[in-house]
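Here is a short walk through one chain, from the overall fold down to a handful of residues. Keep the viewer open as you read.

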Amino acid sequence: MAEILIIDDSPTDVRVLTTLLERAGHQVASVGNAEEGIERVRSTPPALVIMDVIMPGMNGFQATRTLTRDPATSEVPIVMITTKAMETDRVWGLRQGARAFITKPVNEGELLACINQLLSSAA
C-alpha cells in the first residue's frame, strides 16, 4: 500500500509497529533517531512518518517541527506515537505539525484507521 517510515529509538516498539504495518500491507523502513529520520525523509520522502517523542538528542517534537516547516517535506503526514499521555503533550505535538497524536500502548485498529485516513486525504 504505502511506504511508512518509523522514527523511534526503541527496537521493541519498531518491531511491534513494523509487524502491525506490514500485516496491513504497508512497506516499512525505520531509523533510530530524529536526525537520521529527517535526513531520510528529505532524501526519500515516505508516504507517512510515525514519530516517537522521547529520543536521545533531538526529540520528536523538534523533528516534527523541522519536517513540517521545511517546504520539501511539509506534505509528509506525521503521526506521533508516544507514552506522553498528557493533553498538553498532544496539543504541543499537533502545534508542531503532527497530523495525529496516539499514546502507547497503541491500539492497532485506531492506528490503522488513522493511517488510512491520512493516506487517503493526501492522495
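## Surface and overall build

Accessible areas here come from the Shrake-Rupley method with a 1.4 Å probe. By that reckoning the chain has an accessible surface of about 6200 Å², and carbon and sulfur atoms account for 52% of it. Keep in mind that this is a predicted model.

How does the radius of gyration of the chain, 13 Å, sit with what a compact globule would have? It agrees, because a compact globule of 123 residues would come out near 14 Å. The C-alpha trace covers about 30 × 30 × 25 Å along its principal axes. Of the 123 residues, 45% are buried. As for charges, there are 11 positive and 15 negative ones, and the mean positions of the two sets are 5 Å apart.

## Order of the elements

You'll find 5 helices and 5 strands in the chain. Starting at the N terminus, they go β-α-β-α-β-α-β-α-β-α. Sequence-distant pairings are well represented: take the contacts between residues at least 6 apart in sequence, and 63% of them join residues at least 24 apart.

## Strands S1 and S2: Ile 6 and Val 28

Ile 6 belongs to strand S1, which covers residues 3-7. Is Ile 6 buried or exposed? It counts as buried because its relative accessibility is 0%, and the cut-off for that label is under 20%. Setting aside residues up to four places away in sequence, Ile 6 touches Val 14, Leu 17, Thr 18 and Leu 21, along with Val 28, Ala 29, Ser 30, Val 31 and Ile 50. Val 53 is 47 residues from Ile 6 in sequence, with 12 Å between their C-alpha atoms.

Val 28 sits in strand S2, residues 27-31. Which residues does Val 28 contact once its neighbours within four places in sequence are left aside? They are Ile 4, Ile 6, Thr 18, Leu 21 and Glu 22. Leu 5 and Val 28 are 23 residues apart in sequence, yet their C-alpha atoms are 5.9 Å apart.

## Strand S3 and what follows: Met 51 and Asp 52

Met 51 is part of strand S3, residues 48-51. With a relative accessible area of 0%, Met 51 is buried. Its C-alpha is 5.0 Å from that of Ile 7, although 44 residues separate the two in sequence. Not counting residues up to four places away, Met 51 touches Ile 7 as well as Gly 60, Ala 63, Thr 64 and Leu 67, and also Ile 78, Val 79, Met 80 and Ile 81.

Asp 52 is in the loop between S3 and helix H3 (60-68). This acidic residue is an interesting one to click on. Asp 52 still counts as buried because its relative accessibility is 6%, and the label applies under 20%. Beyond residues up to four places away in sequence, Asp 52 touches Ile 7, Asp 8, Asp 9, Gly 60, Ile 81, Thr 82 and Lys 104.

## Strand S4 and the cis proline: Thr 82 to Pro 105

Thr 82 lies in strand S4, residues 78-82, and is buried at a relative accessible area of 0%. A polar atom of the Thr 82 side chain is 3.0 Å from the backbone nitrogen of Lys 84. Outside the four places to either side in sequence, Thr 82 touches Asp 52 and Val 53, plus Phe 101, Ile 102, Thr 103 and Lys 104.

Lys 104, then, turns up among the contacts of Asp 52 and among those of Thr 82. What is the peptide bond from Lys 104 to Pro 105, cis or trans? It is cis, with omega near 0°. Pro 105 is in the loop between strand S5 (100-103) and helix H5 (108-122).

## A loop residue with some exposure: Thr 44

Thr 44 is found in the loop between helix H2 (34-43) and S3. Thr 44 counts as partly exposed because its relative accessibility is 37%, and that label sits between the cut-offs of 20% and 50%. Thr 73 is 29 residues from Thr 44 in sequence and 9.9 Å away, C-alpha to C-alpha.

Note on methods
Residues are numbered from 1 along each chain as its sequence is written. This is a predicted model: local features need pLDDT of at least 70, side-chain atom pairs count only at pLDDT 80 or more; totals for chains, interfaces and linings use all residues. Side-chain values use heavy atoms; hydrogens and water are left out. Helices (H or I, at least four residues) and strands (E, at least two) are DSSP runs, numbered from the N terminus. The radius of gyration is taken over C-alpha atoms; the globule rule is 2.2 Å times the number of residues to the power 0.38. Buried means under 20% relative accessible area, exposed over 50%, partly exposed in between (1.4 Å probe, protein chains only). Contact means heavy atoms within 4.5 Å. Lys and Arg count as positive and Asp and Glu as negative; His and the chain ends are not counted. The place of a charge is taken as NZ of Lys, CZ of Arg, CG of Asp or CD of Glu. A polar contact is a pair of N or O atoms within 3.5 Å; within protein, one must be able to donate a hydrogen and the other to accept it, and residues adjacent in sequence count only if both atoms are side-chain atoms.
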